Amino acid sequence: HTDNLTIEGVVEEVLRCKKLLDKRPESTQRYQFPPSTSSARESQAPYCQEQGAAFMVNTPSASYPVFVGWGILSELGERVRNTGLSGSAFVISDSHVSEVYGGQVQKSLERARLKVASYAIPAGEESKSLAWAERLYQWLVSQRAERGDAIIALGGGVVGDLAGFVAATYARGLP
């Protein structure tokens, strides 16, 4: 984390992170990262309202923590539950990420006593389209998604953009 650091502080943080990355096992599969470390500075950030949050997003209508780390996917269900969600979680991912992490996410959410449904879009930029948004709307309708339910984007880039757009526009917005 580099907020409010001097140039020297930023350099120190980059070097610290490089050391962490250098320690990761050589045999990591695609999309895997080194294990979490309890010494991460994010967990001690004084401006974070929730323990372990890398930072807080503050908007006029809500505030929420953002968690960043290696090996923390198993905590997803607990963290989602701590937000107050008690309905269903609709996981949107791409075919590559879903294959590697989909099962782990589903188990974590189910351990938190959430109903889970998942949808994997084809990997690639072509999936970021209104046609795929429409398919996701149809899927959410077939799953009887309601305003108290949440959409979880599992992945980044295209998945985050598409899932975020669908979440913001389905039923006047889902978390």
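## Buried or not: a starting point

A residue counts as buried when its relative accessible area is under 20%, and as exposed when that area is over 50%. Trp132 has 16% relative accessibility, so it falls on the buried side of that cut-off. Keep in mind that you're looking at a predicted model.

## The chain as a whole

The protein chain has 175 residues, and 31% of them are buried. About 10,900 Å² of the chain is exposed, with carbon and sulfur atoms supplying 53% of that area.

As for secondary structure, there are five helices and five strands. If you walk along the sequence, they come in the pattern α-β-β-α-β-α-β-α-β-α. What about contacts between residues at least 6 apart in sequence? Of these, 68% join residues at least 24 apart.

## The parallel sheet

Which strands make up the open sheet, and in what order? There are three of them, arranged β4-β3-β5, with parallel pairing. The edges are β4, covering 115–121, and β5, covering 150–154; each of these pairs on one side only. From one strand to the next, the twist averages 25 degrees.

In general, the strands of a sheet pair through backbone hydrogen bonds, in either a parallel or an antiparallel way. Here, strand β3 (residues 88–94) runs parallel to β4, and seven bridges join the two. If you want a spot to look at, try Phe90, whose bridge partner in β4 is Ala117.

## Two helices across the strands

Helix α4, made of residues 130–142, lies across β3, β4 and β5. It runs at about 155 degrees to β4.

Helix α5 (residues 158–169) also lies across β3, β4 and β5. Its angle to β5 is about 170 degrees.

## An aromatic cluster

Now for the rings. A pair of aromatic rings is described by how far apart the centres are and by the angle between the planes. This structure holds four aromatic pairs. One of them is Phe90 with Trp139: the centres are 5.6 Å apart and the planes sit at 90 degrees, so the pair is edge-to-face. It links distant parts of the chain, with Phe90 in strand β3 and Trp139 in helix α4, 49 residues apart. Are these two buried or exposed? Both Phe90 and Trp139 are buried.

Tyr119 and Trp132 make another pair, with ring centres 6.4 Å apart and planes at 70 degrees, so this one is edge-to-face as well. Since Tyr119 lies in strand β4 and Trp132 in helix α4, the pair ties together parts that are 13 residues apart in sequence. Put the four residues together and you get one aromatic cluster: Phe90, Tyr119, Trp132 and Trp139. Trp132 has a charged partner too, as Arg135 lies over the face of its ring, at 4.1 Å from the ring centre.

## Two arginines with positive phi

Arg113 isn't a glycine, yet its phi is positive, at about 65 degrees. You'll find Arg113 in the loop between α3 (95–111) and β4. Its relative accessible area is 63%, so Arg113 is exposed.

Where is Arg172? Look in the segment after α5. Arg172 has a positive phi too, near 60 degrees, and again this is a residue other than glycine. With a relative accessible area of 70%, Arg172 counts as exposed.

Note on methods. Residues are numbered from 1 along each chain as its sequence is written. This is a predicted model: local features need pLDDT of at least 70, side-chain atom pairs count only at pLDDT 80 or more; totals for chains, interfaces and linings use all residues. Side-chain values use heavy atoms; hydrogens and water are left out. Two strands pair if DSSP finds at least two bridges between them. Helices (H or I, at least four residues) and strands (E, at least two) are DSSP runs, numbered from the N terminus. Axes are lines fitted to C-alpha atoms, for helices over the stretch in contact, and angles run from 0 to 180 degrees between N-to-C directions. Contact means heavy atoms within 4.5 Å. Buried means under 20% relative accessible area, exposed over 50%, partly exposed in between (1.4 Å probe, protein chains only). Accessible areas come from the Shrake-Rupley method with a 1.4 Å probe; for residues, only the protein chains shown count as cover. Rings of Phe, Tyr and Trp (its six-membered ring) pair if their centres lie within 6.5 Å; planes under 30 degrees apart count as stacked, over 60 as edge-to-face and the rest as tilted. A charge sits over a ring if NZ of Lys or CZ of Arg is within 6 Å of the ring centre and within 35 degrees of the ring normal.
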